[in-house]
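Me: Please take a close look at the sheet of this model and at the core that goes with it. I would like one connected account that I can follow beside the coordinates.

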Amino acid sequence: MKPDTPHALSLQPGGVCSLRNIRDTVVVVLAGRIWLTQTGVSDDYFLASGQQHHVPHSDHVVLQCLGGSPARVELQQALAWSAALGEMT
């Protein structure tokens with residue numbers, strides 16, 4: 001995955017997506033609602049359209065679409081933002 005290339009996922013209601021070896025990724029919800037859980041973190045996250053969650057590192061992330069409408073999620077590499085912010089200081 002290139003640092004500046006997002007990857008979009010579509011999930012049907014109740015649909016599940018399993019992601020492995022996630023590093024420095026921002027999960028952005030473009031539409032719908034999702035539940036996000038990840039290994040090594042005791043908290044689960046419930047995200048709605050317009051919200052995002054940063055995953056610094058996880059061996060396994062699971063996303064599930066909540067409610068009766070499909071969800072669209074974009075995975076963005078946070079490294080591009082980190083590099084850009086570093087140049088500003």
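Reply: Accessible areas here come from the Shrake-Rupley method with a 1.4 Å probe, and for residues only the protein chains shown count as cover. On that basis the chain exposes about 5,300 Å², of which carbon and sulfur atoms supply 55%. This is a predicted model, in which local features need pLDDT of at least 70 and side-chain atom pairs count only at pLDDT 80 or more, while totals for chains, interfaces and linings use all residues. Residues are numbered from 1 along each chain as its sequence is written, and side-chain values use heavy atoms, with hydrogens and water left out.

From the N terminus on, the elements run β-β-β-β-β-β-α; helices (H or I, at least four residues) and strands (E, at least two) are DSSP runs, numbered from the N terminus. The six strands form an open, antiparallel sheet in the order E1-E6-E2-E5-E3-E4, where two strands pair if DSSP finds at least two bridges between them. Strand E1 (7-11) and strand E4 (45-48) stand at the edges with a single partner strand each, so one side of each is left without a neighbour in the sheet. The twist averages 40 degrees from one strand to the next, with axes taken as lines fitted to C-alpha atoms and angles running from 0 to 180 degrees between N-to-C directions.

Within this sheet, strand E2 (residues 16-31) pairs with E5 in the antiparallel sense over 11 bridges, and Arg 20 stands opposite His 60 in E5. E2 is also joined to strand E6 (residues 71-77) by six bridges, again antiparallel, with Val 73 in E6 as the bridge partner of Val 29. Strand E5 (residues 52-66) pairs in turn with strand E3 (residues 33-38), antiparallel and over six bridges, and here Leu 36 has Leu 63 in E5 as its bridge partner.

Leu 63 leads on to the largest nonpolar core, a set of buried Ala, Val, Leu, Ile, Met, Phe, Trp, Tyr and Cys residues joined through side-chain atoms within 4.5 Å, where buried means under 20% relative accessible area (1.4 Å probe, protein chains only). This core has 16 residues, and those that touch the most other members are Leu 11, Leu 19, Val 27, Ile 34, Val 61, Leu 63 and Val 73. Two or more residues come from each of E2, E3, E5 and E6, and E2 gives the most, with five. Leaving aside residues up to four places away in sequence, the residues that Leu 63 touches include Leu 9, Leu 11, Val 27, Ile 34, Trp 35 and Val 73, contact meaning heavy atoms within 4.5 Å.

Definitions and conventions
Buried means under 20% relative accessible area, exposed over 50%, partly exposed in between (1.4 Å probe, protein chains only).
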